[in-house]
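Colleague: Let's go through this model together. Please start with the contacts between charged side chains.

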Amino acid sequence: MFEDGLKVLLDKQPTWFFQVSSIVLILILIALGYWAFLGSKRFAQGMDKENQLIELLREQNDLKGKINEHENISLQLSTVLENARSFVDSLNTYRKKERLDRDTPNHFVQRIVEGLSSDIKSVVGEKHRCGLWLPDIDNKTLTLTHGSAGFQETYIGKTLDVNHSIAGRSVRKNESIFINDVTKDSDWTPTKSSGSYTALICVPIGDFGVITVDAKQPMHDNALLITELYASICEGLYIEYTNQFVFGAEKQTAASQE
């Protein structure tokens, strides 16, 4: 009934009524479309600002991480410089002595090894072990003579083949070696003591031997520089010791023969 009445009412309307109604409807649709466009635009801008905020927060966290890393490195290097100065002072004291005790190198080198295992840490909780290996008379094997707390007592005296080990390669080539994954190196041989130590630094001590640093995580580049610094101090002691006990003995023998 209602539909019939509405139909009769519309039939009685003039033509211009429908034309005006169409225009009004079109204007309403345009207005609604415009407001929908503005709404979607504002939504997109809001999402863009939110993404920018997320990106800024991510960059902020990255910067905080880098700041912490640089602070740790700065503290590490400060400690290294302080301890290295102490070692150099000790070395200078030994040089002033007319005669060194035969046990002097052992005590001094053990201090170096223990100090290195501690000073090389750039992040709290890192685990390192440092050792000093000396060659035999024939330069065919290297023997671990000094080790940090990371080595078991029974490990002292362990030997490595100069021609089939990473430390041996460092001695043969007289160059430092820095490896973050020893399992990929052809000269690496797994042992029970290797455990989860996968990163390795080897630094030759002149012609006297080699210092090794084992780590369970990849090490920072500074670790190599610190090891080379301590190796140089050890080399200075061995040179002084050799001059007194080897060359000094030869001079005394030559003088007595004359």
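Modeller: Gladly, and first a word on what sits under the numbers. This is a predicted model, in which local features need pLDDT of at least 70 and side-chain atom pairs count only at pLDDT 80 or more, while totals for chains, interfaces and linings use all residues. Residues are numbered from 1 along each chain as its sequence is written, and side-chain values use heavy atoms, with hydrogens and water left out. With a salt bridge taken as a side-chain nitrogen of Lys or Arg within 4 Å of a carboxyl oxygen of Asp or Glu, the number of salt bridges in the structure is three.

Colleague: Which residue forms a salt bridge with aspartate 214?

Modeller: In this pair the closest N and O atoms are 3.2 Å apart. The contact links distant parts of the chain, from strand S6 to strand S1, 85 residues apart; helices (H or I, at least four residues) and strands (E, at least two) are DSSP runs, numbered from the N terminus. Both partners are buried, meaning under 20% relative accessible area, with exposed being over 50% and partly exposed in between (1.4 Å probe, protein chains only). The partner of aspartate 214 is arginine 129.

Colleague: And which residues are joined into one network by salt bridges that share partners?

Modeller: Start with aspartate 185 and arginine 169, whose side chains meet at 3.0 Å, N to O; aspartate 185 lies in the loop between S4 and S5 and arginine 169 in helix H4, so this pair ties together parts that are 16 residues apart in sequence. Aspartate 187 also forms a salt bridge with arginine 169, at 2.7 Å between the closest N and O atoms, and because aspartate 187 lies in the loop between S4 and S5, that pair ties together parts 18 residues apart. Aspartate 187 is buried at a relative accessible area of 15%, as is arginine 169 at 14%. Shared partners therefore make one network of Arg169, Asp185 and Asp187.

Colleague: Stepping back, what pattern does the protein chain follow along the sequence?

Modeller: The secondary structure comes to five helices and six strands. Of the 258 residues in the chain, 33% are buried. Read along the sequence, the pattern is α-α-α-β-β-β-α-β-β-β-α.

Colleague: Which element gives the most to the lining of the largest pocket?

Modeller: A pocket here is an open set of points on a 1 Å grid over the protein atoms alone, with protein on both sides within 12 Å along at least five of seven lines; a cavity is a set where a 1.4 Å probe fits but cannot get out, and lining residues have an atom within 4 Å of a point. The largest pocket holds about 410 Å³ of space, and of its 24 lining residues the closest to the centre are Tyr155, Leu160, Trp188, Thr189 and Asp214. Elements that give two or more residues to the lining are strand S1 (128-135), strand S3 (159-161), helix H4 (166-173), strand S5 (199-204) and strand S6 (210-215). With three residues, the element that gives the most is S3.

Colleague: What volume does the largest cavity have?

Modeller: Grid points are joined across faces, edges and corners, and a volume is the space filled by probe spheres set on the points. By this rule there is one cavity of 30 Å³ or more. Among the residues that line the largest cavity are Gln76, His128 and Met219. Its volume is about 30 Å³.

Colleague: Where is asparagine 139, the residue with a positive phi although not a glycine?

Modeller: Its phi is about 55 degrees. Asparagine 139 is partly exposed, because its relative accessible area is 48%. Its place is in the loop between S1 and strand S2 (141-147).

Colleague: Is leucine 32 buried or exposed?

Modeller: Leucine 32 is in helix H2 (residues 15-96). Its relative accessibility is 54%, so leucine 32 counts as exposed.
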